[in-house]
Structures are given as structure tokens and as C-alpha cells.
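This report describes a sheet, a helix that packs on it, and a selection of salt bridges. The sequence and structure are shown first.

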Amino acid sequence: MTWPDAPLLLALDAPPAPGRPEEEVLQPGSPEARVIVGVEDEAAELGRADILLTWRRAVDAALLERAARCRLVLHYGPGAGAGVGRVDRDAARRLGIYVASIPDYAAEEWAEGMWELNAALEARRPPAPPFRRRPRVGLIGLGQVGRRLAERWKRAAGEIWAHDPYVDDDVFERAGARRAELTDVFGICDQVLIQLSPAPGATGLIGRDMLELMRPWRQVVCGSRPEVFVETELRWMLERGRPGGLGVLEPMLAGAAAWDWLRARERVVVHAFGEELNRRMWRSGRRRAAEVVLTMLRGGRPGHLLIDPPCPRHEMWG
């Protein structure tokens with residue numbers, strides 16, 4: 001597979017970060033590559049773009065059809081969640097355009113924000129009987145962020161139990177975590193940290209049956225979309241003091257008006273990332289996206305293809 005002499009990357013929109021993060025990565029390794037972010041005359045550049053990058057912008061069939069040279073749409077973000085959902089993947093498949101995301105997008109910064117939320121919630125923990133063992137944390141989701149949270153918990157000398165049916169045993173071993181069922185995590189862990197990518201299997205995963213297993217002093221820290229809970233059952237359980245505290249990340253409530261009631265609950269902490277952490281997160285994520293692009297320009301394959309069309313517009317890998 002060969003690229004044009006001067007491949008063009010067009011960022012339809014991008015997280016607000018200082019400097020020119022993509023060019024900082026691409027220029028030393030592929031000086032001929034051109035990067036355009038936030039162009040005014042998008043229509044003029046769209047037909048010349050080899051790679052489209054998108055953050056919150058919808059990439060529909062009409063836009064993809066106008067991007068006559070486009071080989072790949074790369075999403076500034078992890079997994080196959082809400083952001084990637086704005087890309088019309090059926091149209092991309094029909095047109096032979098690859099679609100990819102970045103599983104480790106700003107994972108370290110997101111874990112840092114989760115750790116801050118955990119500390120804020122811990123400071124408000126209800127009175128608990130003295131522990132006769134190391135504090136035990138339960139991780140739901142052992143992906144890129146979950147693994148970094150496990151590293152932080154190990155440094156804090158905590159015991160780690162984790163639930164993730166999609167992860168192999170060697171990942172649990174490297175994380176120093178014991179594989180557990182959901183009932184074990186909620187029934188015996190002092191702190192439950194949830195870090196799941198938005199997906200149909202995660203919606204409504206946690207309801208009354210799990211929350212009833214928790215003691216009143218135990219707490220839940222949620223770094224996922226609130227839809228991971230059954231809303232009516234979470235309301236009912238919070239009124240009855242289970243869990244003793246709930247922490248949620250402000251970015252996960254954005255655009256989720258049905259969950260605004262959480263902000264007014266006494267035992268709920270809503271944590272917003274600080275300005276400096278946001279800047280580092282966006283800058284780190286944009287540099288990571290450029291690293292993925294650079295790998296492809298050198299003939300490599302992105303690690304997380306969401307669309308690998310059977311009849312691609314351009315054959316990128318053998």
C-alpha cells in the first residue's frame with residue numbers, strides 16, 4: 001500500500017488543545033504529511049483529504065460521499081461509544097472506507113480524574129467499622145483506564161478484585177487483580193470503580209440486585225455513562241442508603257438531562273476535571289491520534305479498526 005506524496009489529514013473538529021499536537025508528532029516522522037484543523041472552506045478540502053479525523057462532529061453518508069479520496073475516518077476517542085456512533089459506519093462500509101478509534105486515548109489522564117473523584121468521595125465516606133485487612137477495591141472494566149486504576153491501587157497497597165468477561169487471564173495477572181463475578185465485587189469490596197465503554201451490554205448492567213449487596217459504608221465511583229445503572233432502581237436504592245456514596249464524572253453527565261437529578265443528591269459527588277487536566281487530556285489524545293496516523297503512513301495497521309471493509313476503496317494492508 002502506498003500513500004500520496006503529501007497525504008492530507010483533515011480534522012473536521014478536534015479537542016481544544018494548545019499548540020499543534022498532530023504536527024508535532026507527524027513532522028519529524030513524516031514531514032510531507034499535511035494537517036488541517038478547523039478549516040473554514042471545508043467543502044474545498046474535503047475532496048482532497050486522505051484521512052478524516054473527528055471528535056464530536058457527525059460524519060454522515062453525504063459527507064463521506066463528498067470525501068472522494070478518503071481512506072480512513074479516525075475518531076479522537078476510545079472504544080465504540082457515543083463519539084464513534086456519530087460516524088455512519090454503514091455508509092463507510094459501503095464506500096470502502098476504514099473507521100478506527102483509539103482505545104488508549106488519554107487513558108492516563110482519565111484514570112487521574114477517576115482517582116481524584118475517588119479521593120473526593122472517600123473524604124465523605126460514612127462511618128465504617130474498622131477494617132481488619134487491606135482495603136479491597138472492585139474494578140468493573142479492566143480496559144486501558146481500568147488497568148491504570150489497578151496500578152494506582154496497587155501502589156496504595158490495596159487488594160484488587162475485578163470483573164471483565166472480555167479480558168484474558170494474563171491481563172488480570174499483570175494488573176494484580178483477582179477475577180470476580182459482579183455479585184462478588186458488590187458484595188465484598190469496600191469501593192467499586194466502574195470504567196466501562198458505552199456499549200449495549202453495559203446499559204442497565206447495575207440495578208437493585210447488585211446495589212442491595214453493598215454495606216451502607218461502601219461506595220461506587222463511576223467513570224462510565226450513567227446509563228450503566230437502571231435509573232429507577234438506582235433512585236430507589238440511594239433513598240435507602242445503598243451505596244453509602246456515589247461519585248460520577250461531570251463529562252459523563254453532559255448531554256444526559258434525564259440524570260440531572262443526581263446533582264442534587266446528598267450522597268452523590270459530581271466531579272469535573274480541572275482546566276489543567278482537561279488541557280493535558282486533550283493534548284495527549286490528539287498526539288496519540290497522530291501517532292496512530294504515523295504508524296499507518298509507515299505501513300502499519302491501527303490497533304482498533306471498527307470498520308474493515310471487505311472491498312476497501314484503497315487496499316491498505318495485505
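## The sheet

In this predicted model, six strands form an open sheet with mixed pairing, in the order β2-β1-β3-β4-β5-β13. The edges are taken by β2 (34–37) and β13 (305–307); each has a single partner strand, so one side of each is left without a neighbour in the sheet. From one strand to the next, the twist averages 25°.

Strands β3 (residues 51–54) and β4 (residues 72–75) pair in the parallel sense over four bridges. Within this pairing, Ile51 has Leu72 of β4 as its bridge partner. Helix α12 packs on the sheet, where it touches β1 (8–11), β2, β3 and β4, and its direction makes about 155° with that of β4.

## Arg286 in helix α12

Helix α12 spans residues 275–297 and contains Arg286. Arg286 counts as buried because its relative accessibility is 6%, under the 20% limit. Beyond its sequence neighbours up to four places away, Arg286 touches Ala14, Pro15, Ala17, Pro21, Glu22, Val37, Tyr76 and Tyr105.

## Salt bridges

The whole structure holds 28 salt bridges. One of them joins Arg94 to Glu65, with the closest N and O atoms 3.1 Å apart. This pair links distant parts of the chain, 29 residues apart: Arg94 belongs to helix α4 (residues 89–95) and Glu65 to helix α3 (residues 61–66). Arg94 is exposed at 53% relative accessibility, whereas Glu65 is partly exposed at 45%.

In helix α12, Glu276 and Arg280 form a salt bridge (3.8 Å, N to O). These residues are four apart in the helix and therefore separated by about one helical turn. Both belong to a salt-bridge network that links Glu112, Glu275, Glu276, Arg279 and Arg280.

Notes:
Residues numbered from 1 in each chain as written. Predicted model: local features only at pLDDT ≥ 70, side-chain atom pairs only at ≥ 80, totals over all residues. Heavy atoms only, no water. Helix = DSSP H or I, 4+ residues; strand = E, 2+ residues; numbered from the N terminus. Buried < 20%, exposed > 50% of the residue type's maximum accessible area, 1.4 Å probe, protein only. Contact = heavy atoms within 4.5 Å. Pairing = 2+ DSSP bridges. Axes fitted to C-alpha atoms, helices over the stretch in contact; angles between N-to-C directions. Salt bridge = Lys/Arg side-chain N within 4 Å of Asp/Glu carboxyl O.
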